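Visitor: Hello! Could you take me on a close look at one part of this structure, the place where the two chains meet, and then show me a few spots beyond it?

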There are 2 protein chains.
Amino acid sequence: MTPGPVEADPRVLRALSMPILGQFDPEFTALMNRIMSMLRELFQTSNQWAYPVDGTSRSGIEAVLGSLIEPGDKVLIPIYGRFGYLLYEIAERCGAKITVMEQEWGTVFEPAEIIAAIRQHRPALVAMVHGETSTGRMQPMEGIGAACREADALLVIDAVATLGGVPVRTDEWQVDAVIGGTQKCLSVPSGMAPVTYNDRAERKLNARKRVERGLWAEPGQSAASPAASLPARIQSNYLDLSQLQDYWSPARLNHHTEMTSMLYGLHEGLRLALNEGLESRFARHRLHEAALTAGLRGMGLSLYGDPSCKLPVVTCVSIPDGVDGEKARSQLLDDFGIEIASSFGPLKGTIWRIGTMGYSCRKTNVLHLLGALEAVLLRSGHPLPAGEAVQAALQVYDAAAAD
Amino acid sequence: MTPGPVEADPRVLRALSMPILGQFDPEFTALMNRIMSMLRELFQTSNQWAYPVDGTSRSGIEAVLGSLIEPGDKVLIPIYGRFGYLLYEIAERCGAKITVMEQEWGTVFEPAEIIAAIRQHRPALVAMVHGETSTGRMQPMEGIGAACREADALLVIDAVATLGGVPVRTDEWQVDAVIGGTQKCLSVPSGMAPVTYNDRAERKLNARKRVERGLWAEPGQSAASPAASLPARIQSNYLDLSQLQDYWSPARLNHHTEMTSMLYGLHEGLRLALNEGLESRFARHRLHEAALTAGLRGMGLSLYGDPSCKLPVVTCVSIPDGVDGEKARSQLLDDFGIEIASSFGPLKGTIWRIGTMGYSCRKTNVLHLLGALEAVLLRSGHPLPAGEAVQAALQVYDAAAAD
């Protein structure tokens, strides 16, 4: 019950073990098409491009930023937790001229602040985290996309923690590129990074494309000669979205050797998410969050951070005074087989982070965790009203069942 | 029976479906250590560093070249087939000043030619393909490593096609960095790129390291300030070997979220390869190559390329005059369930490429393919001595069994 990687769905694990097909086998390319179609649904978009990058979530972030940011581009990065700094780190390596906005950890930005900064700095690109697992906060997106269009900036969001657990409304929010994760709310093991992007983003890719393969061009890829006036070439070959797009296009231009098994897993994870129905899935995540937080409060614990922007799939709990947070975590794992997460940087040693994501977001898990945490705290000598936590959670479940 | 991706070993597929562990779980880090130790054995090296990059083979090539080549570095690339051009393409994006040597397809370089070029151009790095699947040739390595040390150049080889099927003698050949593949002779699905590199390569990484994370440093990573006199920073975050190395070191510094399931598969693939024994495994690949080539000759077909440098795990066959190569391939797949490969660039339409790699390198496969190909050719009206192919292959097997 960490904020990822979470327990993979057993049906996904089973799909991973299917015999592999060749990557240009018609059965396999049909599966690729189904995946693109399912990803569009999950990202709530009509974008043509929605496919996984072959790597962990970080590879998807780098593919998007590296393909969309040219050296010297002005980039605005609003940061409210650890993963905002990752966007900074990657954008810096792309040669971006970065303007950072920093918000105190435990809260988020007013969209108006970000909009004002966009108008002031007029960046080429704005990159931000949608759900910050380091602090358990979620950034409201209202108006930010529109401000980006007005300023002719591209808007990129890291929805690694949120995709499949809370709404990611790509088109409605006017986001130009979104990166999702598999090992969180989709309960597919780490290894693929679903991305989607629209025509505005694609225009930037196409401008940088120049298939100047020098000595070699695959059939269908004409070799163009470089010219000083063209925009800078994309630095990476492996994470070049213009090449990945060609591979996922009907032309299926050869690039990497697709990760067949991981794609089977992703396909099954997407099928399960869409079969459940997105709205039901989001409601399930909210229900178990409600039960978990009621239980934690029933135990007398305080939740960390501004409640108005809480990320529904990650709950941060203040470690009570006098309790050794790491010892409690070890005992949860060793005696009860439950893993919860510690925290990063300034929060180190002050909070625990509990994920309720995807397959691990279920009643039995929430109730077991509450019972186990209570036992661990009692054992450490921390006073609390014994038995209250699970009762409080059960009341939430009972009320929901009565609805 | 393509030159990859090949049929995955069913035991590897089963390993993929094991429940996942957290990436800092002691059981999981112990598995990581076992993988490093097994990779050292497979790469025939005492290098400290031997671990997989989380991506397809191409990601491993880019991680190695991108981490070892600084913009402006002189790089020598001897090319004798399609995948040499990939090294060129990636090195070019790293900003290398490249000198290319091109050899006619179907043969390889005399090591002396490469050695002379190293002495003449004095590159910072030499990158070459060990086994070229596009032409079915294997480059002899004798003396090249020594010449690189003499010239103070790093030697990098792409052993994606050869690792686990033919000897890759990292230390004996004095190769500084090697990239292997999983989806070929290891019969693990595509998704990880095992790499190894020595102290000479690590020195280059360390020189470029500068943990200038700007606004953020993980515990254990001190933020250093950039200085103009330092070597250029590694462009990629995801494929930065200095960061991957920290993650695989005992310190386990947080980087990406490890691809747990793929690592289980790799672990099982390595276990199977080492249990078989490297020398037995190489002998098995040679035996089935001998049977396959005897069978193809028995059918009256000609093998493509210079036989003195044939890659044992890939056999290229000239498509006989009057035979539609693609139609024959489709019939093999549709009627017999056997996939063989077409070819690239200048060889398009002229040869078929047959892989005998890892789990797919076995007697039943070779005999079925020979029988099926004979049937397909007969049906297309191509005259051949019916029944000879399988008999010729069986004679090779009988002789080996009698040994």
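Guide: Happily! Let us begin with a word we will need: a residue counts as buried when its relative accessible area is under 20%, as exposed when it is over 50%, and as partly exposed in between. Please keep in mind that this is a predicted model.

Now to the meeting place. Chain B brings 61 residues to the contact, and chain A brings 61 residues as well. Together the two chains bury about 5200 Å², with 59% of that area on carbon and sulfur atoms. Charged partners also reach across: there are six salt bridges between chain B and chain A. One of them pairs B:R233 with A:E89, whose closest N and O atoms are 2.8 Å apart. A:E89 and B:R233 also belong to a network of salt bridges with shared partners, joined there by A:E92, A:R93 and B:D240. Beyond the salt bridges, you can look for 26 residue pairs in polar contact between the chains, both residues being at pLDDT 80 or more.

Which parts of chain B face chain A? The elements giving two or more residues to that side are α1 (10–16), α3 (57–68), α4 (82–93) and α9 (260–276) of chain B. Of these, α4(B) gives the most, with eight residues. Sorted by class, this side of chain B holds 26 nonpolar, 20 polar and 15 charged residues.

Next, come inside chain A. A:R200 and A:D176 meet through their side chains in a salt bridge, 2.8 Å from N to O. A:R200 sits in helix α7 (residues 199–207) and A:D176 in the loop between β7 (154–159) and β8 of chain A, so this pair ties together parts that are 24 residues apart in sequence. Here our word comes in: A:D176 has 1% relative accessibility, so A:D176 counts as buried. A:R200, at 16%, counts as buried too.

Chain B offers a contrast. B:E172 and B:R169 form a salt bridge with their closest N and O atoms 3.9 Å apart. In this pair B:E172 is exposed, at 61%, while B:R169 is partly exposed, at 22%.

Our last stop is A:K184, in the loop between β8 (177–180) and β9 (193–197) of chain A. An unreviewed UniProt entry lists A:K184 as a modified residue, N6-(pyridoxal phosphate)lysine. A:K184 is buried, with a relative accessible area of 9%. Setting aside neighbours within four places in sequence, its contacts include A:P3, A:T133, A:V160 and A:M357.

Notes. Residues numbered from 1 in each chain as written. Chains lettered and ligands numbered in written order. Predicted model: local features only at pLDDT ≥ 70, side-chain atom pairs only at ≥ 80, totals over all residues. Heavy atoms only, no water. Contact = heavy atoms within 4.5 Å. Buried area = accessible area lost by both parts, 1.4 Å probe. Salt bridge = Lys/Arg side-chain N within 4 Å of Asp/Glu carboxyl O. Polar contact = N/O pair within 3.5 Å; in protein donor to acceptor, adjacent residues only side chain to side chain. Helix = DSSP H or I, 4+ residues; strand = E, 2+ residues; numbered from the N terminus. Nonpolar A, V, L, I, M, F, W, Y, C, P; charged D, E, K, R; others polar. UniProt positions renumbered as here; feature names shortened; annotations may be inferred. Buried < 20%, exposed > 50% of the residue type's maximum accessible area, 1.4 Å probe, protein only.
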